[in-house]
Every structure is written in structure tokens, then in C-alpha cells.
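Thanks for coming. I have one structure to go through today, so please look at the sequence and the model while I talk.

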Amino acid sequence: MIMKKALSLIAALALSVSMLAGCAGGGSAETAAETTVTESVASESTAVSSASAEETAAEETASAEETATETASTETAQTETAVPSGEETAVNVMALKGPTAMGMVELMNSAESGPVNGNSYTFTIAASADEVTPKLVQGDADIAAVPANLASVLYNNTEGQVQVLAINTLGVLYIVENGDTIHSVSDLAGKTIYASGKGSTPEYALNYILSGNGLDPETDVTIEWKSEHSECVAALASDEDGIAMLPQPFVTTAQAQNENLRIALDLTEEWDALQADSETPSALLTGVVVVRTAFAEEHPDAVNAFLDSYKESVDYVNANVADAAALIEKYDIVTAAVAQKAIPYCNIVFIEGSEMQEKLSGYLNVLYEQNPASVGGALPADDFYYIR
């Protein structure tokens, strides 16, 4: 009996030493404890005590694992509760260096401080639509501001992979001249006109207005096409009798360089005059904002959040001209002085939904009747118009 009690006491002590050594993190301490047990008792007693120790250790290990699992589950639940249900969506946006980018500056500025309404934005300002198109088609841009007719061309050429979100710019085209000879469209006969935007809204709008006033764009005038609006401004500066078709804010830029330059014709007014007797009159549109259809389908909340933020930005620009002008200069679109004078003439708007569809479809129909290629060969179907 005494021998059994002694063996039990020794086994318990050995187990305690082993557990303490394990908690201290040393495998050598555990080995030393086992050696002590071996030297103190017979091999049979050691086997009995070891079995007892392993059973006890197994029970304690199981208990510890169960506790750890419960703790981990609690921490995971707490973490999941703390994480917002919505994740940030990366949105790549492109705009042209002009009114379409001017309307975005407040959003661009806000995005520098972090996500806006759940969207993390990257903005790129391009000098011409030729830079935007491949980025959009290849998926490098998700949302882009483009000429109104280009949106239709992209829709047709990509078999519906582009949708229009909103109209962002109405008519901003003007005929300007160094002098005082142009007072009507007919006065352009025999003149040379510097212009940019061949193959997009400026060309088709000018052709429509010339034709509507009895002038053949191919034979009655000479249109010298430039790759960028800034080149037209430069051409005017070197031609004392120069005439150009320019959009705002480039009209104001040119006037800042030449105080004799005057606005001869407002092409929006000329367009409206031709549409006066139409059963379904349309407006002259310059720009729209489009989205890749795949992006809209995958991230509808992000697209709607962009539209809300973009509308706020447009409203801000029109209501806070001086502050907006400073932001326009910040993003190297035009100088603040030019922007402040130009904004009231830029017709920066935000029109979405059914009103957007009505205005844009009417405008595209005018272009289609003039030249089907101007809209991509066919008028777009209803799914071209993003209606939320």
C-alpha cells in the first residue's frame, strides 16, 4: 500500500514538472522531468505513471483546443461585425480637356481625400477622344466623358458594350473671327475655317448647320482640320483674317490672346433655328458620359454612386464659378482666369434618365439622317440608354 502511494505521488509530481516545463516553452525541460521519473521508479511503475500523464495531458489539450476554438470564433464574429458590408470599388474615369472635365473637378478634388460614396477614383484627362476610345474598349477605363455621337459609334462597334449614363454638355460651339465680316451662316461661303473634332460632334454639327443654310461643306467652304482645339487657337493667332470653330473654354483662351477676336455665331442658336419647324425638335449636344456595360452590370451601386457624385460636382461648378475655376486650373485644364469667364458659356449640365434618352436620341437621329456613319451606321437600341 505504501509503495503504491509513493508511486502515485511520484507520478503526479512528474506530471506537474512536465506541464510547467512545457508552459515555459522548453522541450529539454520536459525531457529532464521524464528522466527524473525513470531514475526514481521501476520501469513498470514508469509505464503506469506515463499512461496516466498522457491521458491527463490529452484531456487538458482537448480542453485548451476547445477554449481556443471558442475564443477564435468570438473574435471572428466581432471582426466580421466591425467590417462594413460594402467594399470600395475602384473606378477609372477619363474626361476630355474641356467642359466635360470641368464639370468633374469638384468630384476629382474630393476623391483626393479618399473614397467618395464607396468609390475609389482614378481620373485621367485626355487631350482628344482618340486617347479615350482604346482605353474604354480595352477595359482600362470604366467611365468616360466622350463626344455624344462617339458614344453611339462605340455602342454599335462593340455590339452594345457601352452605355450612356448622362448628357454632360450641351452646345458649346462658336464661330469666331479676327474681324467683323461674319454675321450669318451664309457669310461663311468661300471662307477657310479652322476646326478640330473631325469625325465627332463638331464636324457633324457644322455640316448640318452649313447644309441647312444652303452651303455645301465640301465645296462652298474650306475646313482646315486640326487635331486639337489648341492648334486652332494657335492658327488664329497667326492669321489676322482667321476664322475658327471653337468650343468653350477655348474661345475664351483665344480671346485672352487676341482682344480683337469676337464671337461671330453661336452654333447652338443656329441649330435651334433649323429645328424650329421640326415635329420632334432636338438640341445640339456636345458631350455625354458613358460606362462599359460589363462594369455597370458588375457594379451597379458604384455606377449609381458615381452619377450622384457627378451631379453634385456639376451643380457645384455652376453655382461656385470662382472656386470651380481655381480647381479647373489646379487640374491643368485651363487657367482660372479663363475658366471663370468661360463657365457661363460652357453649358455644363447633368441630364439623365428619360430626359437624357429623349434629347440624345433626337440629336443622334439628326446626325443619322445626315450621315449614318456619324452614329456608327445605325441608331442605338433602348439598352444604349442607362436608366436607373
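A search of the whole structure, which is a predicted model, finds 8 aromatic pairs. Take the pair made by Tyr208 and Trp271: the ring centres are 4.5 Å apart, the planes meet at 50°, and the pair is classed as tilted. Why does this pair tie together parts that are 63 residues apart in sequence? Because Tyr208 belongs to helix H8, residues 201-212, while Trp271 belongs to helix H11, residues 267-275. Both Tyr208 and Trp271 are buried.

Stay in helix H8 for a moment, because Ile209 is found there too. At 2% relative accessibility, Ile209 counts as buried. Now compare sequence and space for Ile209 and Glu270. They are 61 residues apart along the chain, yet their C-alpha atoms are 6.7 Å apart.

Aromatic residues also gather in a group. Tyr121, Phe123, Phe306, Tyr310 and Phe350 form one aromatic cluster.

Next, charges. Side chains of opposite charge can pair when their charged atoms come close. How many salt bridges does the count come to? The count comes to 9. I will go through three of them.

The first on my list is Glu177 with Arg262, whose side chains meet in a salt bridge at 2.9 Å, N to O. Glu177 lies in strand S5, residues 173-178, and Arg262 lies in strand S9, residues 261-266, so this pair ties together parts that are 85 residues apart in sequence. Are the two partners buried or exposed? Glu177 is buried, with a relative accessible area of 2%. Arg262 is partly exposed, at 21%. If you wonder where the line falls, buried means under 20% relative accessible area, so 21% lands in the partly exposed class.

The next salt bridge joins Asp308 and Arg388, and the closest N and O atoms are 2.9 Å apart. Asp308 sits in helix H13, residues 300-319, whereas Arg388 is in the segment after helix H16 (353-370), so the bridge ties together parts that are 80 residues apart in sequence. Asp308 is partly exposed, with 35% relative accessibility. Arg388 is partly exposed as well, with a relative accessible area of 44%.

The third stays within helix H13: the side chains of Asp315 and Lys311 meet in a salt bridge at 2.9 Å, N to O, and both residues are in that helix. What separates them along the helix? Asp315 and Lys311 are 4 residues apart, so the separation is about one helical turn. Asp315 is partly exposed, with a relative accessible area of 39%, and Lys311 is also partly exposed, at 38%.

Salt bridges can also share partners, and here that joins Glu177, Asp180 and Arg262 into one network. You have met two of these residues already: Glu177 and Arg262 are the pair between strand S5 and strand S9.

Now to charges of one sign. Which residues gather in a patch of negative charge on the surface? They are Asp130, Glu131, Glu228 and Glu231. To place one of them, Glu228 is in the loop between strand S7 (222-226) and helix H9 (229-238). Glu228 counts as partly exposed, at 30% relative accessibility.

The last topic is the backbone. Gln248 and Pro249 are joined by a cis peptide bond, with omega at about 10°. Pro249 lies in the loop between strand S8 (243-247) and helix H10 (250-257).

Two asparagines are worth a look for their phi angles. Asn117 has phi near 55°, a positive value in a residue other than glycine. Where is it? Asn117 is in the loop between helix H5 (105-111) and strand S2 (119-126).

The other is Asn347, with a positive phi of about 50° although it is not a glycine. Asn347 is in the loop between helix H15 (336-342) and strand S11 (348-351). With a relative accessible area of 29%, Asn347 is partly exposed.

To find your way back through the model, start with the tilted pair of Tyr208 and Trp271. Then find the salt bridge between Glu177 and Arg262, and finish at the cis peptide bond between Gln248 and Pro249. That is what I had.

How values were computed:
Residues numbered from 1 in each chain as written. Predicted model: local features only at pLDDT ≥ 70, side-chain atom pairs only at ≥ 80, totals over all residues. Heavy atoms only, no water. Patch = residues over 30% accessible without salt bridge, like charges linked within 9 Å, V, L, I, M, F, W, Y side chains within 5 Å. Areas by Shrake-Rupley, 256 points an atom, 1.4 Å probe, with all protein chains shown as cover. Salt bridge = Lys/Arg side-chain N within 4 Å of Asp/Glu carboxyl O. Lys, Arg positive; Asp, Glu negative; His and termini not counted. Charge placed at Lys NZ, Arg CZ, Asp CG, Glu CD. Helix = DSSP H or I, 4+ residues; strand = E, 2+ residues; numbered from the N terminus. Buried < 20%, exposed > 50% of the residue type's maximum accessible area, 1.4 Å probe, protein only. Phe/Tyr/Trp six-rings, centres within 6.5 Å; stacked < 30°, edge-to-face > 60°.
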